[in-house]
Amino acid sequence: MLIRQLIHQADRAQVTDLFARAADYVRLESGRPPLPDAADDFFTECPPGKTPDDCLHAGLFNGPRLDAMAALSFGYPDASDAYIGLLIVDAAHRRHGFGRQLATQVFTLAQNRGARRMLIAVLDANPKGLAFWSAMGFVHEKTFPPAPDAAVPHLRHRMTRAL
């Protein structure tokens, strides 16, 4: 397996394909299947006050195919933090260690950039995700109410882990 940085134009088709293979999570989060511009959003969406230059996108390739990916932002919410905005695995490859391998590499990337704390938000409707991140050493920090403009009103649990 290979884990490498994803590049918007070069990897857009692979990211689009992975969103289709992980459409169950997209439906859980948004209430709809992945939109045609989901790959573009993956590369361009950033936390408040951040730009794409503050973000890194990594993918796990099992042979030639992208089977897991993560979006990571640096300096959010605090200067020494790194925030995983999304880590998604092909539905057919869940529970095979792909998410763990990619998350472990993301932790290393964050440490190499000087981050001292890793954060992630887990949807209340995703108990398997909560169990995964708990097993990776994350602990609950705070629960946020649904966003006022959310199509699906999710409680979000922010979890943290020291690096």
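**View 1. Thr-160 in strand S7 is a buried residue of the predicted model.** Thr-160 has a relative accessibility of 12% and therefore counts as buried (under 20% relative accessible area, with exposed meaning over 50% and partly exposed in between; 1.4 Å probe, protein chains only). The strand that holds Thr-160, S7, spans residues 156-162; strands (E, at least two residues) and helices (H or I, at least four) are DSSP runs numbered from the N terminus. Leaving out residues up to four places away in sequence, Thr-160 touches Arg-117, Met-118, Leu-119, Gly-137, Phe-138, Val-139 and Glu-141, where contact means heavy atoms within 4.5 Å. This is a predicted model, in which local features need pLDDT of at least 70 and side-chain atom pairs count only at pLDDT 80 or more, whereas totals for chains, interfaces and linings use all residues. Residues are numbered from 1 along each chain as its sequence is written, and side-chain values use heavy atoms, with hydrogens and water left out.

**View 2. Phe-107 is a buried residue of helix H4.** Helix H4 comprises residues 98-112. Phe-107 counts as buried because its relative accessibility is 5%. Beyond its neighbours within four places in sequence, Phe-107 contacts Ile-84, Met-118, Trp-133, Met-136, Phe-138, Arg-161 and Leu-163. Tyr-76 lies 31 residues from Phe-107 in sequence, and their C-alpha atoms are 15 Å apart.

**View 3. Helix H2 carries buried residues at Ala-23, Tyr-25, Val-26 and Ser-30.** These four residues lie on the same side of H2, because they cover an arc of only 155° around the axis; the arc is that of the directions from the helix axis to the C-beta atoms. An α-helix has 3.6 residues a turn, so residues three or four places apart point the same way. The cover over the buried residues of H2 includes helix H1 (8-21), strand S4 (81-89) and strand S5 (117-123). Gly-31, just after H2, takes a positive phi of about 80°.

**View 4. The protein chain, shown as the setting of the close-ups, has 5 helices and 7 strands.** Along the sequence, their pattern is β-α-α-α-β-β-β-α-β-α-β-β. Buried residues account for 41% of the 163 residues. Of the contacts between residues at least 6 apart in sequence, 62% join residues at least 24 apart. The C-alpha atoms fill a box of roughly 35 × 35 × 30 Å along the principal axes.
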